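Work through the exercises below with the sequence and the model side by side. Try each task before reading its solution.

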Amino acid sequence: MALDEALAVFFNAEEFATAATLDGNAVTGIVTSGFIGASMDGFGTAGPSPEFLLPASSVPAQCEGKPLVIASGHAAGTYRIGNAYPDGTGLVNLHLLLQT
């Protein structure tokens with residue numbers, strides 16, 4: 001169930017949010033420098049896992065594998081969407097894979 005709150009204020013690229021291009025379409029979201037850890041047979045591994053939070057209305061169906069380009073800021077780069085996690089409030093958290 002989506003929240004009845006006016007979330008648009010959080011996705012203003014002139015203030016807190018970041019402008020990007022998702023599969024050729026302009027979107028605005030919030031970039032976080034996520035961190036992920038995993039364990040395999042008792043051995044641990046960890047690494048960066050950037051995330052991009054945006055309104056569900058901006059996310060195409062089956063967006064996994066599609067490109068997300070952030071042109072400026074600390075997270076500038078070209079990414080591929082690894083996974084998309086709707087949070088049940090009308091937002092989707094995209095886990096990003098940096099393309100080299």
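## Exercise 1: Strand β8 and its partners

Phe 52 and Leu 94 of β8 stand opposite each other. The model is a predicted one: local features require pLDDT of at least 70, side-chain atom pairs count only at pLDDT 80 or more, and totals for chains, interfaces and linings use all residues. Residues are numbered from 1 along each chain as its sequence is written, and side-chain values use heavy atoms, with hydrogens and water left out.

**Task.** Find which strands are joined to β8 by bridges, and in what direction they run.

**Solution.**
- Step 1. Start from β5. Five bridges join β5 to β8, and the two run antiparallel. Strands here are DSSP runs of E with at least two residues, helices are runs of H or I with at least four, and both are numbered from the N terminus. Two strands pair if DSSP finds at least two bridges between them.
- Step 2. Turn to β7. Seven bridges link β7 to β8, again antiparallel.
- Step 3. Locate a residue pair. Tyr 79 stands opposite Leu 98 in β8.
- Step 4. Check the turn. The hairpin of β7 and β8 has four residues between the strands, and Gly 88 there takes a positive phi near 85°.

**Task.** Why is β8 described as largely enclosed by the rest of the structure?

**Solution.** Count its buried residues. Buried means under 20% relative accessible area, exposed means over 50%, and partly exposed lies in between (1.4 Å probe, protein chains only). Strand β8 covers residues 91-98, and six of its eight residues are buried, so the strand is largely enclosed by the rest of the structure.

## Exercise 2: The two faces of β6

**Task.** Sort the residues of β6 by face, then trace the strand's pairings.

**Solution.**
- Step 1. Recall the rule. In a regular strand, side chains alternate between the two faces of the sheet.
- Step 2. Apply the sorting. Leu 68 and Ile 70 form the covered face of β6, while Pro 67 and Val 69 form the uncovered one.
- Step 3. Follow one pairing. β1 and β6 run antiparallel and are joined by two bridges. Leu 22 stands opposite Leu 68 in β6.
- Step 4. Follow another. Four bridges join β6 to β7 (residues 77-86), also antiparallel. Val 69 stands opposite Thr 78 in β7.
- Step 5. Close the hairpin. Six residues lie between β6 and β7, and Gly 73 in the turn has a positive phi of about 100°.

## Exercise 3: A salt bridge between loops

**Task.** How many salt bridges does a search of the whole structure find, and which residues take part?

**Solution.**
- Step 1. Set the criterion. A salt bridge needs a side-chain nitrogen of Lys or Arg within 4 Å of a carboxyl oxygen of Asp or Glu.
- Step 2. Search. The whole structure yields one salt bridge. Lys 66 forms it with Asp 23, and the closest N and O atoms are 3.5 Å apart.
- Step 3. Place the partners. Lys 66 is in the loop between β5 and β6 and Asp 23 in the loop between β1 and β2, so the pair ties together parts that are 43 residues apart in sequence.
- Step 4. Read the accessibilities. Lys 66 is partly exposed at 24%. Asp 23 is partly exposed at 37%.

**Task.** Examine phi at Asp 23 and at Gln 62.

**Solution.**
- Step 1. Asp 23 has phi near 55°, a positive value in a residue other than glycine. Its loop joins β1 (18-22) and β2 (25-32).
- Step 2. Gln 62 has phi near 50°, likewise positive in a residue other than glycine. This residue sits in the loop between β5 (51-55) and β6 (67-70).
- Step 3. Gln 62 counts as exposed, at 71% relative accessibility.

## Exercise 4: The surroundings of Ala 84

**Task.** Is Ala 84 buried or exposed, and what does it contact?

**Solution.**
- Step 1. Ala 84 lies in β7. At 18% relative accessibility, Ala 84 is buried.
- Step 2. Contact means heavy atoms within 4.5 Å. Leaving aside neighbours within four places in sequence, Ala 84 contacts Cys 63, Glu 64, Val 92, Asn 93 and Leu 94.
- Step 3. Compare sequence with space. Ala 84 and Val 59 are 25 residues apart in sequence, and their C-alpha atoms are 9.0 Å apart.

## Exercise 5: The whole chain

**Task.** Summarise the fold content and burial of the protein.

**Solution.**
- Step 1. The protein has zero helices and eight strands.
- Step 2. Of its 100 residues, 32% count as buried.
- Step 3. Among contacts between residues at least 6 apart in sequence, 43% join residues at least 24 apart.
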